[in-house]
Amino acid sequence: MSRKKRNDVMSRPDFAKCGGLVPCIAQEAATGEVLMLAYMNEEAWEKTLATGEVHYFSRSRKALWRKGGTSGHVQKVKSVRLDCDNDTVLVLVEQLGGAACHTGYKSCFFTEVAPDGDRICSPLIFDPKEVYK
């Protein structure tokens, strides 16, 4: 498969279209596992590109945050992709420390819903009471 350049300008999300925030999916580069969904504003986008570590915007705290800033479970950027409408970001990452979820699981998508009942489908990596003191 050949790679073609679209243009000489770096693409960026359409933050204005989305009210200043765009969804950002973090996916483990090595396995393809979806780790989490969070949001980026322009500052988080710029810091992610500048540092090579994923930054997000917390809607509840209304603040920028670097993934792993407290827990040490940093997301190192391997690739950044935009969807066809430039309103969703996909970041392929190396998840350091083994857990993406603040509840201690490898993935935020740790609950599988099934007709016979829910089950945990992602390993618990750490106890959040021990990490977030």
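## Close-up views of the predicted model

**Figure 1. Lys17 and Asp87 pair up across the chain.** At 46% relative accessibility, Lys17 counts as partly exposed. Its partner in this predicted model, Asp87, is buried, with a relative accessible area of 17%. The two side chains meet in a salt bridge, at 3.4 Å from N to O. Lys17 lies in the segment before β1 and Asp87 in the loop between β5 and β6, so the salt bridge ties together parts that are 70 residues apart in sequence.

**Figure 2. Glu28 and Lys106 form a salt bridge between buried residues.** Here the closest N and O atoms of the pair are 3.3 Å apart. Both Glu28 and Lys106 are buried. Glu28 sits in strand β1, while Lys106 belongs to the loop between β6 and β7 (111-112); with their positions 78 residues apart, the pair links distant parts of the chain.

**Figure 3. Glu53 and Arg66 join a loop to a strand.** In this salt bridge the closest N and O atoms are 3.0 Å apart. Glu53 lies in the loop between α1 and β3 and Arg66 in strand β4, so the contact ties together parts that are 13 residues apart in sequence. Glu53 is buried, with a relative accessible area of 16%, whereas Arg66 is partly exposed at 32%.

**Figure 4. Arg12, Glu42 and Glu46 share a network of salt bridges.** A search of the whole structure finds 10 salt bridges. In this view, Arg12 is linked with Glu42 and Glu46 in a network.

**Figure 5. The largest nonpolar core has 16 residues.** Those with the most contacts inside this core are Cys24, Met36, Met40, Val54, Tyr56, Val89 and Val91. At least two core residues come from each of β1 (22-28), β2, α1 (42-51) and β6 (89-95). Strand β2 gives the most, with 4 residues.

**Figure 6. A look around Val91 in the core.** Which residues does Val91 touch, leaving aside its neighbours within four places in sequence? Val91 is in contact with Cys24, Ile25, Ala26, Gln27, Met40, Val54, Val77 and Ser79. Among these, Cys24, Met40 and Val54 are also listed with Val91 among the core residues that have the most contacts.

**Figure 7. Helix α1 and its buried residues.** Ala44, Trp45 and Thr48 are the buried residues of α1. They cover an arc of only 105° around the axis, which puts them on the same side of α1. An α-helix has 3.6 residues a turn, so residues three or four places apart point the same way. The cover over the buried residues of α1 includes β2, β3 (55-58), β4 (63-66), β5 (75-82) and β6.

**Figure 8. A nonpolar patch on the surface.** Val34, Leu37 and Phe109 make a nonpolar surface patch of about 260 Å². Leu37 is found in strand β2 (residues 34-40) and is partly exposed, with a relative accessible area of 43%.

**Figure 9. Stepping back to the protein chain.** The chain has 2 helices and 8 strands, and from the N terminus on its elements run β-β-α-β-β-β-β-β-β-α. Its C-alpha atoms fill a box of roughly 45 × 35 × 25 Å along the principal axes. Of the 133 residues, 32% count as buried. The accessible surface comes to about 8300 Å², and 52% of this belongs to carbon and sulfur atoms.

Note on methods: Residues are numbered from 1 along each chain as its sequence is written. This is a predicted model: local features need pLDDT of at least 70, side-chain atom pairs count only at pLDDT 80 or more; totals for chains, interfaces and linings use all residues. Side-chain values use heavy atoms; hydrogens and water are left out. Patches are made of residues with over 30% relative accessible area and no salt bridge: like charges are joined within 9 Å, nonpolar side chains (Val, Leu, Ile, Met, Phe, Trp, Tyr) within 5 Å. Accessible areas come from the Shrake-Rupley method with a 1.4 Å probe; for residues, only the protein chains shown count as cover. A salt bridge is a side-chain nitrogen of Lys or Arg within 4 Å of a carboxyl oxygen of Asp or Glu. Buried means under 20% relative accessible area, exposed over 50%, partly exposed in between (1.4 Å probe, protein chains only). A nonpolar core is a set of buried Ala, Val, Leu, Ile, Met, Phe, Trp, Tyr and Cys residues joined through side-chain atoms within 4.5 Å. Contact means heavy atoms within 4.5 Å. The arc is that of the directions from the helix axis to the C-beta atoms.
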